[in-house]
Amino acid sequence: MVKYLFVTGGVLSSVGKGILTSSIGKMLQARGIKVNVIKIDPYVNVDAGTMNPYMHGEVYVTDDGGETDLDLGWYERFLDLDLKKDNNLTTGLVYRAVIEKERRGDFLGRCVQIVPHITNEIKHRIRSVAKGSGADVVLTEVGGTVGDIEGLPFLEAIRQMRLEEGYDSTLYVHVALVPVLDVTQEMKTKPLQHSVNELRRIGIQPDTIVARSPEMIDAEARRKIALFGTIPEDAVFCSYNVGSIYQVPLILDDQGMGEFVCKRLGFSGRNRDFKGWREFVDAVLKPECDVRIALVGKYAGLTDAYVSMSEALRHGGAKCRAKVSIDYIEAEKLEQNPDCIGVLKGYDGVFVPYGFGPRGTEGKILAIKYARENDVPFLGICYGLQLAVIEFSRDVCGLKGANSTEIDPGSPYPVIDLMPEQRGIEIKGATMRLGAHKVVVEQGTIGHRLYGCDEIYERHRHRFEVNLDFGDVLRKNGLVFSAKSSDGRRMEMLELPDRFFFFASQFHGEFKSRPGRPDPEYYGFIKACLDKKAGKEKPEFS
Ligand code: GLN
């Protein structure tokens, strides 16, 4: 029978619940237990697709085209899972389903209420993910902070699950901040105590508490957390600051958390195997060289907006035993002060990420031009590919005013244009070209060398694409489209064979990048940066 583990958070958000949930999953996986993970986001949006990455961080895209919370990215990276859109549950999604049922007449005669109708829908969705996944343990992370009005129906639903599934099949983990005061260096557990009280007021007694603290908690803090949390001291764990996020499962397991959780859920006495994980962590912690990347983007002020991309760069770095330092450069600033392009001088590579809308695009185009002209290794993702096509059209093919119709609908050379099936779509939610699609890679290209096969499946999220009317002129001038969609209509990869490494993709390799198994385009880029720096004539990919 499947077991359920629930993670709630207190004191404030961004306390690392996503990493903690992923780490608990990793500790279970290391003991041969099959896991799956659900993220609950109590906001009223149906999905994350329409949310501004500058406020909420990136939108994570699943294979099946779900536009989800970025925590799903952490689950996939830590646990090497391919999750589905159903693994992300929002208030909007749940209410929409219940209201649709009500309109259909499913509840005829009854008054439809938060309890039981909304809570039943939540439990039903958690259970159906559990069933479909075939997992032994399903971890459910409740987003936000305990006590938020929006989170209440979800907490009520998970509270009921203890009654329905039984004590041995449910486990509540609560994580909260334990700050250390600057002046006295004292660890303060009072905010955590309040959040546990709030959780109990809702009817949930945590089985284990994780203190999120800058340093390992001292004996006094542990004693207080246990006493006021009404749990034994050995059920208190601490997630302290570490050099790499990927160490978190290891430090928690060393404290006995893996064993504790397994025992409580009836999986005790299993051997653990962290071998591959430790090797990866080692490569991250003990780099032998370093590489500096300039990420020129629109949301440079919030690194969470590019979290899968920066992680994919780090995965690539670990494979080369290189420390990857990323500087986030505001594209708009480059646009306003083109003379500042010299800031790119100190970097081993230029990276242009995804993006939407006109703001900052000329700055990104300047950065691409700089990379191309100075032969600095370049990687462009999605918008990065589209802007590289624009730059090449203008500066190499002489198509003055070339642009994307997303930026300039009246451009004389619309080298990037809406996909035909996107015309006429006015609804913004979930209407892009989303999810994994087949990509056919041409032999003899850098793309083929990197991916090592003729066909790959990579994830997408875009409305615009290369306008085929300009394919010939681009090709004639030396641009190679090294991969296409299976019908040949969509350009999926581009490269400039006369450059050391100038590569871009319409798809997002970062969503499939994993520790120890970087997506090839990210690995290729980092390796090229290192090889160029080492004075090699050509990049040498393994
Ligand atoms: N804005 C572009 C499009 O919609 C690129 C999207 C992206 O970078 N994900 O096609």
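This report describes two buried residues, Val146 and Glu165, and the second largest pocket of a predicted model.

## Val146

Val146 sits in the loop that runs between strand E6 (137–142) and helix H6 (152–165). The relative accessible area of Val146 is 11%. Because buried means under 20% relative accessible area, Val146 falls in that class.

Setting aside neighbours within four places in sequence, the contacts of Val146 are Thr8, Gly9, Leu155, His174, Ser195, Glu198, Leu199 and Ile202. One of these, Ile202, is 56 residues from Val146 along the chain, and the C-alpha atoms of the two are 9.0 Å apart.

## Glu165

Glu165 belongs to helix H6. Its relative accessibility is 16%, so Glu165 counts as buried.

Apart from neighbours within four places in sequence, Glu165 touches Met1, Tyr4, Arg127 and Thr170. With Arg127 there is a polar contact between the two side chains, at 2.7 Å.

## The second largest pocket

The volume of the second largest pocket is about 470 Å³. Its lining consists of 24 residues, and those nearest the centre are Phe356, Glu406, Lys428, Met432 and Arg463.

By class, the lining of this pocket holds 13 nonpolar, seven polar and four charged residues. Helix H15 (383–395) and strand E17 (455–462) each contribute at least two residues to the lining.

Technical notes
Residues numbered from 1 in each chain as written. Predicted model: local features only at pLDDT ≥ 70, side-chain atom pairs only at ≥ 80, totals over all residues. Heavy atoms only, no water. Helix = DSSP H or I, 4+ residues; strand = E, 2+ residues; numbered from the N terminus. Buried < 20%, exposed > 50% of the residue type's maximum accessible area, 1.4 Å probe, protein only. Contact = heavy atoms within 4.5 Å. Polar contact = N/O pair within 3.5 Å; in protein donor to acceptor, adjacent residues only side chain to side chain. 1 Å grid on protein atoms, 1.4 Å probe; cavity = no way out; pocket = protein on both sides within 12 Å on 5 of 7 lines; lining within 4 Å. Points joined across faces, edges and corners; volume = space filled by probe spheres on them. Nonpolar A, V, L, I, M, F, W, Y, C, P; charged D, E, K, R; others polar.
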